[in-house]
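Got the viewer open? Let's walk through this one selection at a time.

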Amino acid sequence: MIEGQAEAVYPAEPARLRVSFFGDDEDGDANYLVVDTDYDTYSVVFSCQQIGPFNLQTAWILSRNETAPANIDDLKNTLTSFGIDVSEFQETPQGNCPSMAVK
């Protein structure tokens with residue numbers, strides 16, 4: 001399990017977050033954008049970062065369930081409308097994961 005911290009850097013733009021893992025980039029600019037969410041079952045997130053001479057663009061469709069959201073095609077279309085190529089998206093199987101419930 002990986003844990004991170006997220007902070008809304010600009011109060012007027014709460015969907016723009018600065019996300020840091022392992023204590024990195026805690027003082028950086030917003031590096032993640034929540035493109036869409038229903039706050040209960042899914043979130044669509046986009047990240048664009050300049051790393052030296054490279055531009056790294058990443059997108060995720062995150063689910064709180066073990067399966068992809070029922071509206072997965074609509075969510076991919078949302079990303080496509082922003083010019084994001086979703087042809088290489090892969091579903092990550094969650095069925096054999098141990099329970100994450102707090103005991």
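Start by selecting arginine 16: at 35% relative accessibility it is partly exposed, a label for anything between buried (under 20% relative accessible area) and exposed (over 50%), using a 1.4 Å probe and protein chains only. Now add glutamate 13, also partly exposed, at 38%. The two side chains meet in a salt bridge, 3.0 Å from N to O; the term asks for a side-chain nitrogen of Lys or Arg within 4 Å of a carboxyl oxygen of Asp or Glu.

A word on ground rules: this is a predicted model, so local features need pLDDT of at least 70 and side-chain atom pairs count only at pLDDT 80 or more, while totals for chains, interfaces and linings use all residues. Residues are numbered from 1 along each chain as its sequence is written, and side-chain values use heavy atoms, with hydrogens and water left out.

The structure holds two salt bridges, so where is the one made by glutamate 7? Select arginine 18: its closest N and O atoms with glutamate 7 are 2.4 Å apart. This pair links distant parts of the chain, with glutamate 7 in strand 1 (residues 4-8) and arginine 18 in strand 2, eleven residues apart. Arginine 18 is buried at 13%, whereas glutamate 7 is partly exposed at 40%.

Next, zoom out and colour by secondary structure. You should see one helix and five strands, running β-β-β-β-β-α from the N terminus. Helices (H or I, at least four residues) and strands (E, at least two) are DSSP runs, numbered from the N terminus.

Stay with strand 2 (residues 16-21), which runs antiparallel to strand 3 and is joined to it by two bridges; strands pair if DSSP finds at least two bridges between them. Click leucine 17 and look across: tyrosine 32 in strand 3 stands opposite.

Keep tyrosine 32 selected and show tryptophan 60. This is the one aromatic pair that a search of the whole structure finds. The ring centres are 5.4 Å apart and the planes sit at 5 degrees, so the pair is stacked. For the cut-offs, rings of Phe, Tyr and Trp (its six-membered ring) pair with centres within 6.5 Å; planes under 30 degrees apart are stacked, over 60 edge-to-face, and the rest tilted. Tyrosine 32 in strand 3 (residues 32-37) and tryptophan 60 in strand 5 (residues 54-63) are 28 residues apart. Is tyrosine 32 buried or exposed? Buried, at 15%, while tryptophan 60 is partly exposed at 30%.

Follow strand 3 onward. Strand 3 and strand 4 pair in the antiparallel sense over four bridges, and one to click is aspartate 36 with valine 44. The two strands form a hairpin with four residues between them, and tyrosine 39 in the turn has a positive phi of about 70 degrees.

Now jump to threonine 78 in helix 1 (residues 72-81), partly exposed at 23%. Leaving aside neighbours within four places in sequence, threonine 78 is in contact (heavy atoms within 4.5 Å) with Val35 and Asp36. The C-alpha atoms of threonine 78 and valine 44 are separated by 8.9 Å.

For the last stop, pick isoleucine 51 in strand 4 (residues 42-51), partly exposed at 45%. Add Phe54 and Leu56, and you have a nonpolar surface patch of about 320 Å². Patches take residues with over 30% relative accessible area and no salt bridge, joining like charges within 9 Å and nonpolar side chains (Val, Leu, Ile, Met, Phe, Trp, Tyr) within 5 Å.

Key
Areas by Shrake-Rupley, 256 points an atom, 1.4 Å probe, with all protein chains shown as cover.
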